[in-house]
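Student: I should like to go through the ligand site and the terms used to describe it. May we begin with the metal?

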Amino acid sequence: MHLPAILALLGILLLPSPALAESGPDADRRAALETLLYQDCGSCHGMTLRGGLGPALPRDRMQALSPEALAHIILHGIPGTAMPGWKALLSEAEARWIADHLQTDSRLKTLEQD
Ligand code: HEC
């Protein structure tokens, strides 16, 4: 194979794959995001998300918001309140992952949960 052909092939292999970019954070990053949610977000919303300085974030309440709205709140915060934006630390896909986690998978299903 000619050198230019090898370089072209390498270029293709090294191009970021759109499929990968859309599949969201990998397992390590997901674990880090979960830690961020229960510790950093938890510092205001409570380590069990039952509320503190910020309101409780139970799954049923989170499902009242669209995933887009939730991700927007996470990235940009709520102006005029203590809720900060996280866009310096999180990508759009990561904010969407946290939004999805809050709606479907978080440890607090409802406020009535034991
Ligand atoms: C410095 C404290 C603080 C931190 C840290 C914080 N929040 Fe908040 N958050 C708030 C406050 C206060 C509100 C309520 C703002 C208002 O009055 O509407 C809020 C509101 C929210 C809401 C809207 C809740 C609702 O019922 O409408 C969501 C969702 C949310 N935060 C998610 C997060 C997530 C996810 C993180 C971590 C990435 C986070 N917050 C970190 C203080 C915080």
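**The iron site and its surroundings**

Tutor: Around the iron atom of the ligand, six donor atoms subtend angles of 88 to 178°, which makes the arrangement octahedral. This is a predicted model, in which local features need pLDDT of at least 70, side-chain atom pairs count only at pLDDT 80 or more, and totals for chains, interfaces and linings use all residues. Residues are numbered from 1 along each chain as its sequence is written, and side-chain values use heavy atoms, with hydrogens and water left out.

Student: Why is the arrangement called octahedral?

Tutor: Six donors count as octahedral if opposite donors are over 155 degrees apart and all others between 65 and 115. The angles here run from 88 to 178°, so the arrangement is octahedral.

Student: Which residues coordinate the iron atom of the ligand?

Tutor: His45 (NE2) and Met83 (SD) do, at 2.0 to 2.1 Å; donors are N, O and S atoms within 2.8 Å of the metal. His45 lies in helix H3 and Met83 in the loop between H5 and helix H6 (92–104), so the pair ties together parts that are 38 residues apart in sequence.

Student: What makes the approach of Arg61 to the ligand a polar contact?

Tutor: A polar contact is a pair of N or O atoms within 3.5 Å. An N or O atom in the side chain of Arg61 is 2.6 Å from an oxygen atom of the ligand.

Technical notes:
A polar contact is a pair of N or O atoms within 3.5 Å; within protein, one must be able to donate a hydrogen and the other to accept it, and residues adjacent in sequence count only if both atoms are side-chain atoms. Donors are N, O and S atoms within 2.8 Å of the metal (3.2 Å for Na, K and Ca); water is not among the atoms, so sites may look incomplete. Four donors count as tetrahedral if all angles lie between 85 and 135 degrees; four count as square planar and six as octahedral if opposite donors are over 155 degrees apart and all others between 65 and 115; anything else is irregular. Helices (H or I, at least four residues) and strands (E, at least two) are DSSP runs, numbered from the N terminus.
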